[in-house]
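Subject: Structure for you to look through, with notes

Dear colleague,

I am passing on a structure that I have been reading through, and my notes follow below it. Please open it first and keep it beside you as you read, since the notes go from residue to residue.

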Amino acid sequence: MSAVTTSRTKPGGKLGWNLLGLLVFVTAGFPVYWMLNTAFKPARDAIDPDPHFFPRTFTLENFERAFQVADFWGPVGRSLIVSLVVVLIGIVVGMLAALAISRFAFRGRKIVIVGILAVQMVPLVAMIIPVFLLLNDLGQYDKLTGLIITYLTFILPFTVWTLRGFIVNIPKELEEAAMVDGCTRTGAFVRVVFPLLAPGMVATSVYGFIQAWNEYLYALMLMSQQNQTATVWLGNFTTKHGTEYAPMMAGATMMAVPIVILFLLVQRKMAAGLTAGAVKG
């Protein structure tokens, strides 16, 4: 009787989870759809008090207007440089720090772990004034190097904590077996741990890149108009005459292209990284 009941309840439960997944997808995907919808519709339709879920006419005028408002490639190039450098430094330093925390016992280890968590709990807005004063004293205000250093302060702790979770789920016995076979500790890490850690590094790098790419507040406060990043560039569509919503959405669509390309390139590794450690070996 219980087997029959279970077999009857399974389809209903599966349907419920499918509906929940569909609801989450629609909720998360609708803003993206509306951005694309607004980007390709005439500007007058974007401010229509009676909006349409499907554009009646398609146009590329908004993209042309986006290029005319202000320099586009300069801010995008600066955002790419900052994001890539932050990810590169963060993943290298974060991997070494996560390896030390996960594999070595040293005095103050728990304090370091608690400190990493504490740093992530501090609101970014609370550090604007101290960061501004510090960069100004160091001569790094309105410089990409200063912005990179600032981004590392909140992306590096996230990277260390995330990679630590991946390394912990890699059995130590694999390294010990490699060292018994003649490998040094470094050789064991390179030949055994690093291949298993690669998917996790890819997933962490993508999230770090997205954080650096989408960051707005510090880029606005620490960079001048001439050195603005892509997120701050979108503010050029808001003037004293109002906001040009259609060109702004066109600009946001173009800004999303690098993220989409990056995700398409690493989607397999990222999926493997997100599921790594689900079952501890």
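With which residue does Arg103 form a salt bridge, and how far apart are the closest N and O atoms? The partner is Glu175, and the closest N and O atoms of the two residues are 2.4 Å apart. Arg103 belongs to helix H4 (residues 73–103), while Glu175 belongs to helix H8 (residues 172–180), so the salt bridge ties together parts that are 72 residues apart in sequence. If you look for the two residues on the surface, please bear in mind that both Arg103 and Glu175 are buried.

Before going further, I should say that this is a predicted model, and that confidence varies along it. The mean pLDDT of the protein is 84, and 91% of the residues score at least 70. Confidence is lowest in H1, with a mean of 77, and highest in helix H10 (residues 217–222), with a mean of 92. Two stretches call for particular care, namely residues 1–7, where pLDDT stays under 50 and the model has 0 contacts beyond four places in sequence, and residues 277–281, where pLDDT also stays under 50 and the model has 4 such contacts. Where pLDDT is low, the predicted coordinates should not be read in detail.

The count of salt bridges comes to 2. Besides the pair already described, Arg65 forms a salt bridge with Glu244, and here the closest N and O atoms are 2.9 Å apart. This pair links distant parts of the chain, with Arg65 in helix H3 (residues 61–69) and Glu244 in the loop between strand S2 (242–243) and H12, 179 residues away. Arg65 has a relative accessibility of 33% and therefore counts as partly exposed, and Glu244, with a relative accessible area of 25%, is partly exposed as well.

Next comes the largest pocket, which holds about 340 Å³ of space. Its lining is made up of 14 residues, and those that lie nearest its centre are Val32, Met35, Ala252, Ala256 and Ile259. The elements that each give two or more residues to this lining are H1, helix H9 (185–214) and helix H12 (245–275), and H12 supplies the largest share, with 8 residues. What classes of residue line the largest pocket? The lining has 12 nonpolar and 2 polar residues, and no charged residues.

H1, which helps to line that pocket, spans residues 2–39 and also contains Asn37. Is Asn37 buried or exposed? Its relative accessibility is 3%, which is under the 20% cut-off, so Asn37 counts as buried. Leaving aside its neighbours within four places in sequence, Asn37 is in contact with His52, Phe53, Phe54 and Pro55.

Thr231, in helix H11 (residues 230–233), has a relative accessibility of 11% and therefore counts as buried too. With neighbours within four places in sequence left aside, its contacts are Trp213, Asn214, Glu215, Tyr216 and Met255.

Val119 lies in helix H5 (residues 109–121) and, at 40% relative accessibility, counts as partly exposed. Beyond its neighbours within four places in sequence, Val119 is in contact with Thr153 and Pro157. The C-alpha atoms of Val119 and Thr153 are separated by 8.5 Å, although the two residues are 34 residues apart along the chain.

Gly187 lies in helix H9 and is buried, with a relative accessible area of 16%. Gly187 and Arg164 are 23 residues apart in sequence, and their C-alpha atoms are 19 Å apart in space.

Finally, please look at the backbone of Asp142, which has a positive phi of about 60 degrees although Asp142 is not a glycine. Asp142 is found in the loop between helix H6 (128–138) and helix H7 (144–168), and at 21% relative accessibility it counts as partly exposed.

With best wishes

Note on methods
Residues numbered from 1 in each chain as written. Predicted model: local features only at pLDDT ≥ 70, side-chain atom pairs only at ≥ 80, totals over all residues. Heavy atoms only, no water. Helix = DSSP H or I, 4+ residues; strand = E, 2+ residues; numbered from the N terminus. Buried < 20%, exposed > 50% of the residue type's maximum accessible area, 1.4 Å probe, protein only. Contact = heavy atoms within 4.5 Å. pLDDT = per-residue confidence, 0-100. 1 Å grid on protein atoms, 1.4 Å probe; cavity = no way out; pocket = protein on both sides within 12 Å on 5 of 7 lines; lining within 4 Å. Points joined across faces, edges and corners; volume = space filled by probe spheres on them. Nonpolar A, V, L, I, M, F, W, Y, C, P; charged D, E, K, R; others polar. Salt bridge = Lys/Arg side-chain N within 4 Å of Asp/Glu carboxyl O.
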